[in-house]
Each structure stands twice: as C-alpha cells, then as structure tokens.
Protein chains: 4
Amino acid sequence: MIETETNVRVRYAETDQMGIVYHSHYLVWMEVGRIRMLEEIGIPYPDLEAMGYMLPVLEIGSKYHAPARFDDDIRIVCRIEERPSVRLRVDYTLWNGERKLMTSFSKHAFLSPENKPVKPPQAFEDVIAKYYERG
Amino acid sequence: MIETETNVRVRYAETDQMGIVYHSHYLVWMEVGRIRMLEEIGIPYPDLEAMGYMLPVLEIGSKYHAPARFDDDIRIVCRIEERPSVRLRVDYTLWNGERKLMTSFSKHAFLSPENKPVKPPQAFEDVIAKYYERG
Amino acid sequence: MIETETNVRVRYAETDQMGIVYHSHYLVWMEVGRIRMLEEIGIPYPDLEAMGYMLPVLEIGSKYHAPARFDDDIRIVCRIEERPSVRLRVDYTLWNGERKLMTSFSKHAFLSPENKPVKPPQAFEDVIAKYYERG
Amino acid sequence: MIETETNVRVRYAETDQMGIVYHSHYLVWMEVGRIRMLEEIGIPYPDLEAMGYMLPVLEIGSKYHAPARFDDDIRIVCRIEERPSVRLRVDYTLWNGERKLMTSFSKHAFLSPENKPVKPPQAFEDVIAKYYERG
C-alpha cells in the first residue's frame with residue numbers, strides 16, 4: 001500500500017459565514033495531497049501531463065466529521081489501498097491534530113490528449129509494481 | 001417529491017488547465033441549486049440563518065459523467081426524494097443541454113447556533129408536510 | 001462609449017467568516033461582467049479564444065466601498081471608456097440596489113497563442129470602430 | 001520597515017484554461033503572506049479577531065508581470081513600508097525564482113465588531129512602535 005502525508009494551513013479565503021471551512025475546499029486539499037503523493041512516489045503530475053496524460057476525477061465520496069477552521073494546520077493522509085489498473089482510487093483522511101475531520105475517496109482514469117481512456121504510463125506501472133509485488 | 005431547477009453559466013475562473021471545469025466547483029453549483037430550491041419552496045436560506053439555524057454539509061457523493069466547459073449553460077435539477085427528518089438529503093442531476101454531466105447527492109443536518117443537531121424549524125416542517133402528505 | 005450590465009447573485013461559497021463576501025471574488029464577478037459585455041457587443045470570448053486570441057489581465061485596481069453579503073443581487077456595470085488599441089481597459093461599478101459596493105478597473109492585452117502581444121482581431125476592431133466613430 | 005516572506009505551491013485548482021494561474025488567486029496568496037507576516041511580528045490574525053477586530057480590504061492595486069503556473073513554488077515578499085495609523089498598507093512582490101510575477105498593494109482599516117473604524121489594538125501599536133522608532 002502507498003501512504004503519504006501532506007499539510008495545509010487553512011486560508012481565510014476558505015472560510016464561509018458559518019465560521020468554518022466551506023465544504024468544497026476539502027476537494028482542493030485532497031488534490032494537494034494527491035499531487036504530493038504522486039511526487040513522492042516519483043511520478044510528478046506535471047511530468048504526467050507533459051507525457052500527454054490527464055487524470056480527471058470520475059467520482060468523489062466524502063464524509064465531513066468535524067469542521068476545519070481558519071489557520072488550522074490540516075494533515076492530509078492519502079492512501080492507494082488497491083492496486084490501480086486503468087482506474088485509480090485514492091483514499092483520504094484529514095486530521096486536525098487528533099481530531100478526524102473527513103474521510104473521503106476519489107476515483108480517476110488516465111486519459112489521452114484525445115480524452116480517451118488509456119493504460120497508465122509505463123513509469124506509473126513500474127512504481128505501482130514496486131509497491132504491489134505479485135505474491 | 002420536491003423538484004426544482006436552476007441554471008448557471010460557467011465562469012472562466014471555474015476552468016482549469018485541462019480546459020474543463022475543475023471538479024470542486026460542481027459542489028458550489030449544487031449549493032446554488034439547493035439555495036434556489038429552498039427559496040422556491042418558501043424557506044429562503046437567509047431566513048433559516050436569521051432564525052438561528054445552520055444546514056452544514058455532512059456528506060457528498062458525486063459521479064462526473066462528462067465535463068462542463070467555459071460558458072456552458074448548466075441546468076441543475078435538485079430533488080428531495082425522501083421526506084426529511086432531522087437529516088436532509090438532496091439529489092442533483094446536472095445537464096448541459098441533453099448531456100448529463102453529473103449525478104450527485106448531499107446530506108445535511110439542522111444545527112443550532114451552539115452547533116447542536118436540532119429539529120428543523122416549524123416553517124420547514126410545514127412546507128415538507130405540504131409536499132409529503134401522509135397517505 | 002460601450003456600457004453594459006450584468007447581475008450575479010452572491011453564493012454562500014463566496015462569503016468568509018467576517019460574514020461578507022471575500023474580496024477576491026469581486027474579480028471573478030468583474031470577469032463575468034466583462035465576458036457578458038464582449039458577448040453583447042458581438043465578440044463572444046469563446047470565439048476570441050477559438051480564433052487563437054487570449055486576453056489576460058495585466059493590471060487590476062479596486063476600491064471596496066461597502067461589503068456584499070450572501071444572496072445579494074449584485075449589478076455589475078462595465079464600461080470601455082477609452083477606445084482600445086493593443087491594450088483594453090474596462091471600468092466597473094458594482095451596485096447592490098442604490099448602494100455602490102466597488103469601483104474598479106482591469107487592463108488587458110491581446111496575446112497570440114505564442115504569448116506574444118498582437119493587434120486585436122479584425123472583428124473586434126470593427127465593433128470598436130462602430131462605437132468610437134472618428135469625428 | 002517590516003518585511004517577511006512566505007511560500008505557496010501553485011495548486012491545480014488555481015489554474016485556468018489559459019494554462020496559467022487565474023488572476024484572482026494572487027489576492028488569496030497576498031492574504032496568505034499578510035497572515036504569516038502578522039503572525040511573525042507577533043500579532044496573529046486569529047488573536048486580532050478574538051479581540052474583536054476585523055481588518056477588511058479597502059483597496060487593491062496589482063500589476064501582473066509574468067504568469068504563475070501549476071506546481072510553481074511562489075515566494076511572497078510582504079512589506080509594511082509606511083508606519084500604519086488607522087489605515088494599514090501592505091506591499092507585495094511575488095517571485096518565481098528570479099522571475100518577478102507581480103507587484104501589488106492592499107489597504108486595510110481596523111474595524112470594530114460593529115463595523116466602525118477604530119484605532120488598532122495596543123498590541124499592534126506596540127509592535128509597530130518597535131519597528132518604527134520615532135527619530
């Protein structure tokens with residue numbers, strides 16, 4: 001399993017008049033975590049795009065357990081729990097200290113520049129093979 | 001069942017470098033649809049807040065079927081399919097003409113100013129009773 | 001002089017924990033007004049991009065006179081006061097009813113796909129000539 | 001003079017279909033820099049709000065020199081060049097390595113919870129006095 005961590009500090013712009021973070025911004029933080037995860041495992045997203053791949057979001061499922069607030073330091077834990085094939089699923093847990101704020105997942109597909117679903121690039125396959133050795 | 005419709009025109013700010021709408025903005029559009037729905041059925045959200053109620057998002061589930069693009073005219077169909085109790089679930093379908101872009105839901109709870117779950121306000125109960133007559 | 005009007009309804013997502021609209025969103029509204037203005041005078045921005053032109057923002061100057069709030073209906077008045085050449089300046093006044101919320105301007109340049117400054121497309125020149133007849 | 005630095009990494013969500021950062025996000029980064037500056041000089045913004053002060057934006061002036069792109073590491077230099085009184089002006093320069101992306105300023109006023117302009121809190125005056133000794 002691949003698991004990485006990233007932190008974001010809550011921006012004033014991300015709050016709403018309820019005094020908490022507006023719910024759509026968590027999706028942006030999930031992406032920040034996902035981008036750092038790809039970077040850490042050696043497949044920076046800018047390189048993927050330079051090779052002609054896109055990785056759009058197909059599905060999101062998010063449960064909000066507790067609100068984030070301005071200036072909180074949020075820890076984003078990203079996991080790829082299942083070996084990816086043409087689809088990639090990432091699971092997320094967001095924490096403020098010991099307090100769990102959110103559990104979430106996103107599903108993605110690799111697309112060609114022509115918006116056709118394609119096999120992941122070999123560099124990605126190689127990294128995945130390293131993490132998910134066949135038994 | 002309650003069903004209402006709203007339209008939004010895609011803003012340039014909502015696109016990303018893939019040339020399509022960044023996925024988190026759909027949640028904002030869902031909220032635009034939800035706010036108009038509450039207004040149409042006679043319970044404007046600003047009135048709810050003035051009465052001391054908040055209606056934060058507890059859960060989101062979204063499937064992205066086709067991308068929205070700059071300047072598209074998006075039709076947001078909102079439905080309350082189940083009679084709400086302390087929880088409210090809203091279902092959404094987003095269309096660009098005849099093309100379905102997204103199916104989604106959000107779940108909400110009524111909260112007091114002290115962030116405690118509370119029964120919906122009587123005005124809301126009355127509207128709901130009108131739409132969901134007991135058989 | 002060219003002058004057009006557009007309206008936007010304030011979204012919940014646009015508020016912050018001060019209970020007013022976060023200041024960067026006014027720039028998005030200015031863009032909404034600018035895009036509608038180009039559409040109204042017969043040069044839709046998507047057409048400009050399809051012809052290979054971009055119109056990025058070079059400069060912004062904004063004075064915030066009074067805050068916008070959730071659900072307010074904001075009127076955006078856009079004006080092209082000076083005849084554009086290679087540069088385009090747009091002036092904005094934002095109103096909530098009779099209350100002036102903001103006065104602002106943006107300056108733009110026409111760029112080629114290679115990011116080089118270029119003369120505006122002929123279609124734009126023709127429209128401008130119609131509005132700014134030489135005396 | 002007070003001068004501090006902060007870094008932000010460009011998020012995918014901040015790009016637009018021109019392939020560069022959408023211009024309104026720079027205002028959010030300016031705020032990130034401003035918040036860190038207040039923290040560094042010993043007047044964290046959350047403390048200001050807890051004491052009942054707000055510091056809304058009254059005016060923005062921004063020149064965009066070169067575009068920021070996805071994943072760039074942006075350095076935000078903030079300066080308080082003039083001794084603040086009831087108004088506070090902050091100047092910003094944004095850099096990507098040696099490339100200057102933007103020069104900008106923001107003007108602010110201290111407001112009371114009743115939205116009345118007020119003198120800055122004593123803690124702020126004390127810090128300012130330390131930096132701007134009377135000659």
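These notebook entries record what I looked up on chain contacts and salt bridges in this predicted model.

**Conventions.** I number residues from 1 along each chain as its sequence is written, with chains lettered from A and ligands numbered from 1 in the order in which they are written. I note that local features need pLDDT of at least 70, side-chain atom pairs count only at pLDDT 80 or more, and totals for chains, interfaces and linings use all residues, while side-chain values use heavy atoms, without hydrogens and water.

**Entry 1: chains D and B.** I laid chain D on chain B by least squares on the C-alpha atoms of residues with pLDDT of at least 70 in both. The RMSD is 0.0 Å, after a turn of 180 degrees and a shift of 0.0 Å along the axis. The two copies are thus related as by a two-fold rotation axis. The same surface serves both, as 100% of the contact residues of chain D (contact means heavy atoms within 4.5 Å) recur in chain B.

**Entry 2: their interface.** I find nine residues from chain D and nine from chain B in the contact. About 940 Å² is buried between chain D and chain B, 57% of it given by carbon and sulfur atoms; this is the accessible area (1.4 Å probe) that the two parts lose on being put together, summed over both. On the side of chain D that touches chain B, I list five nonpolar residues, three polar and one charged. Here Ala, Val, Leu, Ile, Met, Phe, Trp, Tyr, Cys and Pro count as nonpolar, Asp, Glu, Lys and Arg as charged, and the others, Gly among them, as polar.

**Entry 3: salt bridges.** I take a salt bridge as a side-chain nitrogen of Lys or Arg within 4 Å of a carboxyl oxygen of Asp or Glu. How many does the structure hold over all chains? The total is 36, yet zero cross the interface of chain D and chain B.

**Entry 4: chains A and D.** I looked up R11(A) and E14(D), whose side chains meet in a salt bridge (2.9 Å, N to O). Each lies in the loop between β1 (2-9) and α1 (25-40) of its own chain, so the pair joins two chains; helices (H or I, at least four residues) and strands (E, at least two) are DSSP runs, numbered from the N terminus. R11(A) and E14(D) are both buried, that is, under 20% relative accessible area, with exposed over 50% and partly exposed in between (1.4 Å probe, protein chains only). E14(A) and R11(D) also meet in a salt bridge (2.9 Å, N to O), and both are buried. I further note a network of salt bridges linking R9(A), D71(A), R36(D) and E39(D).
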